Amino acid sequence: MAAPNSVANLANVLTLTRLFASPVFIVAITKGGPNWWTFFIGAAIALTDAADGWLARRYGATTSGAFLDPLVDKVFVLGGMYAFVAIGQFHWFPVSIIAFREISMSLYRLTVGRNGVSVPATFAAKVKVTVQIWALGFALIPPIAENAHWIVTSTLWFAVVMTIWTGWTYFVDAKRIGAAEAAES
């Protein structure tokens, strides 16, 4: 098993593979729109996310993996969503709400991380990422994208609700922890 801060373990290799595959996915969306090949590329990337999470839980998470995994999720999800905005499959407004929360959370993690504080993903946040990925997946399936776009739109807006809710819970938890630390001082 790799050292806790080592990038050289299988879970992190899968995370990095997901990072490098994400631009291929994004370009495939912008060049081909909804189609089965791009769906399978996205599904493979999503499966590596599940696999690296399983490996990290089974063999031990690393500090680098805890930082990289949510960052790579954001590259994959936001890149895919903005690719759909570019081709007219998604409206910019819900995607921008998701992007604002995701970028804000990343900046927050970076800021508190400098002080040695780790902000692990909650179960609800993992569900949120799953819903975001489902929105991408539904938008890629030709019969749904062409004949039942309401499924895509509903899933995207559900992802927005989950995104706002989980962002709010992180904010409330941080505020509570900050108040508790201030009371101890």
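The following paragraphs describe helix H2 and a nonpolar surface patch in a predicted model.

Helix H2 comprises 24 residues, 36–59. At 1.5 Å a residue, a helix of this number of residues should span 34 Å, and the end C-alpha atoms of H2 are indeed 34 Å apart, so the expected and computed spans agree. Both flanks of the helix carry a local feature. At the N-terminal end, Asn 35 acts as a cap, with a side-chain oxygen placed 3.0 Å from the backbone nitrogen of Trp 37. Just after H2, Gly 60 adopts a positive phi of about 105 degrees.

Between these two flanks, H2 contributes a set of buried residues: Thr 38, Gly 42, Ile 45, Ala 46, Thr 48, Asp 49, Asp 52, Gly 53 and Leu 55. The set includes nonpolar side chains such as Ile 45 and Leu 55, together with the acidic residues Asp 49 and Asp 52. Among the elements that cover the buried residues of H2 are helix H1 (10–32), helix H3 (63–86) and helix H5 (123–140).

Attention now turns to the surface. Phe 67, Leu 71, Ile 103, Leu 107 and Leu 110 together make a nonpolar surface patch of about 450 Å². Two or more residues of this patch come from each of H3 and helix H4 (92–113), and H4 supplies the largest share, three residues. H3 thus appears in both parts of this account, because it is among the elements that cover buried residues of H2 and also gives residues to the patch.

Leu 110, one of the patch residues, is located in helix H4. Its relative accessibility is 36%, which lies between the 20% limit for buried and the 50% limit for exposed, so Leu 110 counts as partly exposed.

Definitions and conventions:
Residues are numbered from 1 along each chain as its sequence is written. This is a predicted model: local features need pLDDT of at least 70, side-chain atom pairs count only at pLDDT 80 or more; totals for chains, interfaces and linings use all residues. Side-chain values use heavy atoms; hydrogens and water are left out. Helices (H or I, at least four residues) and strands (E, at least two) are DSSP runs, numbered from the N terminus. The expected span of a helix is 1.5 Å times one less than its number of residues. Buried means under 20% relative accessible area, exposed over 50%, partly exposed in between (1.4 Å probe, protein chains only). Contact means heavy atoms within 4.5 Å. A polar contact is a pair of N or O atoms within 3.5 Å; within protein, one must be able to donate a hydrogen and the other to accept it, and residues adjacent in sequence count only if both atoms are side-chain atoms. Patches are made of residues with over 30% relative accessible area and no salt bridge: like charges are joined within 9 Å, nonpolar side chains (Val, Leu, Ile, Met, Phe, Trp, Tyr) within 5 Å. Accessible areas come from the Shrake-Rupley method with a 1.4 Å probe; for residues, only the protein chains shown count as cover. A salt bridge is a side-chain nitrogen of Lys or Arg within 4 Å of a carboxyl oxygen of Asp or Glu.
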